[in-house]
Amino acid sequence: MKDDALGKAEELLDKIGDSLDDLDFEGLSDSIRESVDYIRREAEKGYRDLIMTPSKEQIKYSKYYETPYERYKASEKRRQEEKSRKGAVKKEEIKPVFLNVPGRIRGAVETGFGVAGLVFFGGLSLITGIPALAGLVSAVTAGILGVSLPFTALFGGLFGHGRFLSRRADRYSDYYKAFQGKSYIMISDLAEMTGQSEKQIKKDIRTLLDQGAIPQMTMDEKETCLLFSDEARKQYSDAEEARIRRELEELKKQEEQKELERKKQQGTKAEKEWIHFSEEMNSFFDELQLRKQEIDAPDLRQHMDEVEVLLRQIYDCIEDHPEMISGTGHLVSYYLPCMKKLLVTYEDLEEQPIQGDNIVRTKKEIEESFVTIIAALNNMYDELFRNVSMDISSDIQVMNAMLAQDGWNNDIRSR
């Protein structure tokens, strides 16, 4: 079969050569056509043989001869298996996409028409304008100038607008390059990357947003940041909410501080007493937390925890019933400073390198004094609630008296 093909090829080459020698171009054309037909037939025959008679290699690697759809399904299956094996899906790269670059084509067209119009009508105006300047004005010259000058101005404006659109499209392209791979970008960073002013960038971005040129893009309310993904927008929204909360909390603290200062200066006696009580108690709570971190003795640390619990209960009670602040006696003026001094002394004694008998005895006395303090605070807390109970009993008695006066108490008892 190979010899037949070679023989046929030699025969065709001889025919072509004879035609060239005889300058028989018609015969040359027929020989070339016959050669092309022969090559096509042989190629088709070879392709059919390849399809109908697969080789061992084709059978061995038959997956390469699957249909495109079958190859796609197999590839998709392998990709899903790879994702499952890794246990996570890789995030797709963020690619902001221009639906179109506004003004690029229109700018080029307007610039081209503007140049052509300026060349024609501007040249015509120049040719007819020179004689006019020399005083040689005729009806024809005046008519030509009357037409050419307005068209020159028109095409000049068209050229200027086209250049404006083209320059703006170039800026858009610079922005687009800076956007790639980013979920957000600050306007200040974009200005630094492109060399444009922030004012110009904001103006261009507003135009892009109005035209919907980049559907993924949004700009924050303060016009400081461009966002390109839902995740970035959510993060920005969360950050803004957190910032607003912080600012509101700060404003609230400032208002509370102003109100506190006002009460210190202009408040009633009861308000001033409560402010002093609250400040001293909170200061002692801070001191107590500090000493807990420095003192190692487990028994004293437990006593400190009990003291803190009782003091906070007393604090809450006074906060709800400020009129009972006198029931705390010398708690703020004497007991709190005394406890602070005892704790500082105990901490200093613990730090001594040699724990002699006097140091050990003094530490023991301080621990025992806190047992006494805890018992006293318990009594104080109970006494505060005894006063509350007395007030409640008085209210109940008054209510019963009112019910009896209105004639309702007997009816209730009889049921």
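Is Cys338 buried, partly exposed or exposed? Cys338 is partly exposed, because its relative accessible area is 29%, and the class of partly exposed runs between under 20% for buried and over 50% for exposed. The model in view is a predicted one. Another cysteine, Cys225, has a relative accessibility of 3% and therefore counts as buried. As for cysteine pairs, a search of the whole structure finds zero disulfides.

Charged side chains come next. The structure holds 13 salt bridges, and a few of them can be followed one by one. In one of these, Glu110 pairs with Arg106, and their closest N and O atoms are 2.7 Å apart. Both residues belong to helix H5, which covers residues 104–133, and because they are four residues apart there, about one helical turn separates them. The two partners differ in how much of each can be reached from outside: Glu110 is buried at 10% relative accessibility, whereas Arg106 is exposed at 53%.

A second bridge joins Arg171 to Asp204, with 2.8 Å between the closest N and O atoms. Here the partners sit in separate helices: Arg171 is in helix H6 (residues 139–179) and Asp204 is in helix H8 (residues 198–211), so the bridge ties together parts of the chain that are 33 residues apart in sequence. Arg171 and Asp204 are both buried.

A third bridge links Glu259 and Arg262, whose closest N and O atoms are 2.7 Å apart. These two residues lie in helix H9 (residues 230–266), where a spacing of three residues amounts to about one turn of the helix. Glu259 counts as partly exposed, with a relative accessibility of 33%, and Arg262 is also partly exposed, at 36%. Salt bridges can also share partners: in this way Lys292, Asp305, Glu308 and Arg312 are joined into one network.

Some charged residues appear in a surface patch instead. Glu294, Asp296, Asp348 and Glu351 gather on the surface as a patch of negative charge. Where in the chain is Asp296 placed? Asp296 is in the loop between helix H10 (269–294) and helix H11 (298–320). Asp296 counts as exposed because its relative accessible area is 61%, and the cut-off for exposed is over 50%.

The surface also has a nonpolar patch. It is formed by Ile105, Val109 and Phe113, which together have about 320 Å² of accessible area. Ile105 is placed in helix H5, the helix that also holds the bridge partners Glu110 and Arg106. With a relative accessible area of 67%, Ile105 is exposed.

The last stop concerns the backbone. Which sign does phi of Glu223 have, positive or negative? The value is near 55°, so phi is positive, and Glu223 is a residue other than glycine. This deserves a remark because most residues other than glycine have a negative phi. Glu223 is found in the loop between strand E2 (218–219) and strand E3 (225–227). The relative accessible area of Glu223 is 21%, so this residue counts as partly exposed.

Methods
Residues are numbered from 1 along each chain as its sequence is written. This is a predicted model: local features need pLDDT of at least 70, side-chain atom pairs count only at pLDDT 80 or more; totals for chains, interfaces and linings use all residues. Side-chain values use heavy atoms; hydrogens and water are left out. Patches are made of residues with over 30% relative accessible area and no salt bridge: like charges are joined within 9 Å, nonpolar side chains (Val, Leu, Ile, Met, Phe, Trp, Tyr) within 5 Å. Accessible areas come from the Shrake-Rupley method with a 1.4 Å probe; for residues, only the protein chains shown count as cover. A salt bridge is a side-chain nitrogen of Lys or Arg within 4 Å of a carboxyl oxygen of Asp or Glu. Lys and Arg count as positive and Asp and Glu as negative; His and the chain ends are not counted. The place of a charge is taken as NZ of Lys, CZ of Arg, CG of Asp or CD of Glu. Buried means under 20% relative accessible area, exposed over 50%, partly exposed in between (1.4 Å probe, protein chains only). A disulfide is a pair of cysteine sulfur atoms within 2.5 Å.
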